[in-house]
Structure formats: structure tokens, C-alpha cells
Amino acid sequence: MKDVTSEQKLQLLQQIRSRYNEDRYDMRDRERILYGRESVRPWEEDGMDPEQERPQSTFRLRILLAVLLFAAVVMIDSNGTSLGGLTAEKIYQIISADYEDKIEEWVETLSQAK
């Protein structure tokens, strides 16, 4: 594979895409013959392929938010200030608190309500 030039890679890619399009058209013709289907699928109208559509992800936004919150806690800790009445020590206590008992109590309440 090291001896393959970029020109050869480009030709291979074009050949694969061409074959894929031929297969799609063949399938469409077979459906038309077998099932009498003349309708066009939504992605065929737009020239879009459903496999190319990607769901919207909030991962980057969540990472950015986590980094900003971490930076805010570090700034509060280094300056010795508070933000909305929260000091760095109070934030550390909230994060490190053990909520297992409260969660078990909540689950028991839910199971008794049913």
C-alpha cells in the first residue's frame, strides 16, 4: 500500500463511488419492476444519502461547559473569593458528599408508591 500514489487512490475512490451509484440505480429499477414503485425517496430528491446524515451531538458543548466550570472553581480557589455565596471549599464538600443513603431512601420511597 506504500507504493500507491495519490492519483491511484483517487481513481480507486472514484471507481468505488461510481459502483455505489450504479448499485443504487439498479436497486431502484428492480423495485420499480417488482413493486411498481415510482415514488422518490426524500434523500433522492435532495441528492442526500441518509447514511451521510449525522445526529447532532452535544458532546463538545458539554466538554466546553465542564472546562469552564473547572476553570471557575480554580479561579475561585486561587483568589479566595466566592461566587454567589459559594466558596471553593463549599464546592469541594458538595462534590465529595456521599449521597448513597439519600438515593437508597428515594428508591425505597418510589418502590413503595407503586
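How much area does the chain expose, and what share of it do carbon and sulfur atoms supply? The chain exposes about 11,000 Å², of which carbon and sulfur atoms supply 56%. Accessible areas come from the Shrake-Rupley method with a 1.4 Å probe, and for residues only the protein chains shown count as cover.

**Figure 1. Overview of the predicted chain and its helices.** This is a predicted model in which local features need pLDDT of at least 70 and side-chain atom pairs count only at pLDDT 80 or more, while totals for chains, interfaces and linings use all residues. Residues are numbered from 1 along each chain as its sequence is written, and side-chain values use heavy atoms, with hydrogens and water left out. The chain has five helices and zero strands, giving the order α-α-α-α-α from the N terminus on. Helices (H or I, at least four residues) and strands (E, at least two) are DSSP runs, numbered from the N terminus. Of the 114 residues, 5% count as buried; buried means under 20% relative accessible area, exposed over 50%, and partly exposed in between (1.4 Å probe, protein chains only).

**Figure 2. Confidence along the chain.** The mean pLDDT (the predictor's confidence in each residue, from 0 to 100) is 82, and 82% of the residues reach 70 or more. Among the elements, helix H3 (residues 59-79) has the highest mean pLDDT, 93, and helix H2 (residues 42-46) the lowest, 57. Where pLDDT is low, the predicted coordinates should not be read in detail.

**Figure 3. Salt bridges in helix H1 around Arg19.** The structure holds two salt bridges, each defined as a side-chain nitrogen of Lys or Arg within 4 Å of a carboxyl oxygen of Asp or Glu. Arg19 pairs with Glu22, the closest N and O atoms being 3.8 Å apart, and with Asp23, where the corresponding separation is 3.6 Å. Arg19, Glu22 and Asp23 are thus linked in a network of salt bridges. Glu22 and Arg19 both lie in helix H1 (residues 6-35), three residues apart, about one turn of the helix. Arg19 and Asp23 are also separated by about one helical turn, because they are four residues apart in H1. Glu22 is partly exposed, at 41% relative accessible area, and Asp23 is partly exposed, at 36%.

**Figure 4. Nonpolar surface patch with residues from helix H5.** Leu86, Ile94, Tyr99, Ile103, Trp106, Val107 and Leu110 form this patch, with about 660 Å² of accessible area together. Patches are made of residues with over 30% relative accessible area and no salt bridge; like charges are joined within 9 Å, and nonpolar side chains (Val, Leu, Ile, Met, Phe, Trp, Tyr) within 5 Å. H5 gives the most to the patch, with four residues. Trp106 lies in H5 and is exposed, with a relative accessible area of 55%.

**Figure 5. Negative surface patch that includes Glu104.** Asp98, Glu100, Asp101, Glu104, Glu105 and Glu108 form the patch. Lys and Arg count as positive and Asp and Glu as negative, with His and the chain ends not counted; the place of a charge is taken as NZ of Lys, CZ of Arg, CG of Asp or CD of Glu. Glu104 is in helix H5 (residues 100-113) and is partly exposed, with a relative accessible area of 41%.
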